[in-house]
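Here are a few exercises to help you find your way around a new structure. Try each task first, then follow the solution step by step.

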Amino acid sequence: MPTIEFENVTKIYDENTVALDDVSFTISEGEFVILLGPSGAGKSTMLRVLNGLTDPTEGTVRIGNREIQGNRSEVGMVFQEHYLIESKTAFGNALSGALSRNGLLRSALGMHAEPDKVTALEALQTVGLLDEAAQRAESMSGGQKQRVGIARALVQEPEIVLADEPVASLDPKAARDVMRYLKKAATAQDLTTVTSLHQVNIAREFGDRFLGIRDGEVIFDGDADDLTMDEMDRIYYGEAQGGKTVPTGSPSDDLGGDADAAADGGGRA
Ligand SMILES: Nc1ncnc2c1ncn2[C@@H]1O[C@H](COP(=O)(O)OP(=O)(O)O)[C@@H](O)[C@H]1O
Ligand SMILES: [Mg+2]
């Protein structure tokens, strides 16, 4: 049974911007799916529609056979920016993931049930940060913060985890670490996961299935073996480049001439 279903989904922001163009696909429970595509292809829009943050202009999105309406607590989000509370500990930040389940008032009063605290510690253990539970976010590295962000999403006890460029601002080693923990969490909890990434070489290591998005359309759907150099060229450049320009190096040159992606690839470790 599909966990996620896009049926003829179109998203038009204004007359001139068709961000998603009649997109249909299904994702099964427990799949680890990576969205690839150049900047502006529609990856973030796809994730936002999936999370109920944005309504499709046409078509239907279902999660577990229920049509999406509004923001969904069964969907956990991990963003490029971690949005942690810097002065709070890793534990406090992870625990805040219980907010959507417990209601704002109880969370604001710090009235967390013991099971939530156990869940938060388990989530920190899943992302390899149990020893750092009492450390404030402000003293953590970019990679550690992103792992706390994953822990926070896990504490929400979601059915689905969506991650929009979760490692775009990390160096390749930290990026791999974060992806390894995300994959580990997804496998351990049998989560359905959809992640957008522009570091193709890192994506290849972790994805079970890849959706290639270009100009608002899904133009590739397959596994790592199907994702040949020609297919990557088609996704990123619209046509085969004879293998010359395939992104394989560090995040900053993963997209060759794509200036936006190169800018994303830099930044803090
Ligand atoms: N809030 C918005 N308002 C208007 N246009 C938008 C908005 N968000 C994205 N777009 C446009 O929709 C298209 C797809 O963007 P996006 O989903 O962010 O792509 P990606 O994440 O693949 O870079 C782009 O042309 C972008 O400029
Ligand atoms: Mg995006």
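## Exercise 1: Leu50 and the core

Task: find which residues Leu50 touches, leaving out residues up to four places away in sequence.

Solution. Start at Leu50 and skip its sequence neighbours up to four places away; Leu50 then touches Ile4, Val61, Val75, Leu162 and Val194. Keep in mind that this is a predicted model.

Next, widen the view. The largest nonpolar core has 69 residues, and Leu50 is among those with the most contacts inside it, together with Ala94, Leu124, Ala151 and Leu162. Helix 7 gives the most to this core, with seven residues. As a general background, nonpolar side chains in soluble globular proteins tend to be buried together.

## Exercise 2: The sides of helix 5

Task: work out which residues of helix 5 are buried, and why they lie on the same side of the helix.

Solution. Step one is to list the buried residues of helix 5: Asp116, Thr119, Ala120, Ala123, Leu124 and Thr126. Step two is to look around the axis: these residues cover an arc of only 155 degrees, so they sit on the same side of helix 5. A general rule helps here: an α-helix has 3.6 residues a turn, so residues three or four places apart point the same way.

Step three is to turn to the face directed away from the buried side, where helix 5 carries the exposed residues Glu114, Pro115 and Val118. Step four is to ask what the buried residues pack against: the partners are helix 2 (90–95), helix 6 (142–155) and helix 7 (172–188).

## Exercise 3: The length of helix 5

Task: check the span of helix 5 (residues 114–126) against 1.5 Å a residue.

Solution. Helix 5 has 13 residues, so the expected span is 18 Å. The C-alpha atoms at its ends are 18 Å apart, which agrees. Just beyond, helix 5 is followed by Gly128, which has a positive phi, near 75 degrees.

## Exercise 4: Around ligand 1

Task: name the residues around ligand 1 and sort them by type.

Solution. First, collect the shell: Tyr13, Thr17, Ala19, Gly37, Ser39, Gly40, Ala41, Gly42, Lys43, Ser44 and Thr45. Strand 2 (17–28) and helix 1 (43–50) are the elements that give two or more residues to this shell. Helix 1 supplies the largest share, three residues. Finally, sort by type: three residues of the shell are nonpolar, seven are polar and one is charged.

Technical notes
Residues numbered from 1 in each chain as written. Chains lettered and ligands numbered in written order. Predicted model: local features only at pLDDT ≥ 70, side-chain atom pairs only at ≥ 80, totals over all residues. Near = placed C-beta within 6 Å. Helix = DSSP H or I, 4+ residues; strand = E, 2+ residues; numbered from the N terminus. Nonpolar A, V, L, I, M, F, W, Y, C, P; charged D, E, K, R; others polar. Expected span 1.5 Å × (residues − 1). Buried ≥ 20, exposed ≤ 12 C-beta atoms within 10 Å, placed from the backbone. Arc of directions from axis to C-beta. Contact = placed C-beta atoms within 7 Å. Core = buried A, V, L, I, M, F, W, Y, C linked by C-beta atoms within 7 Å.
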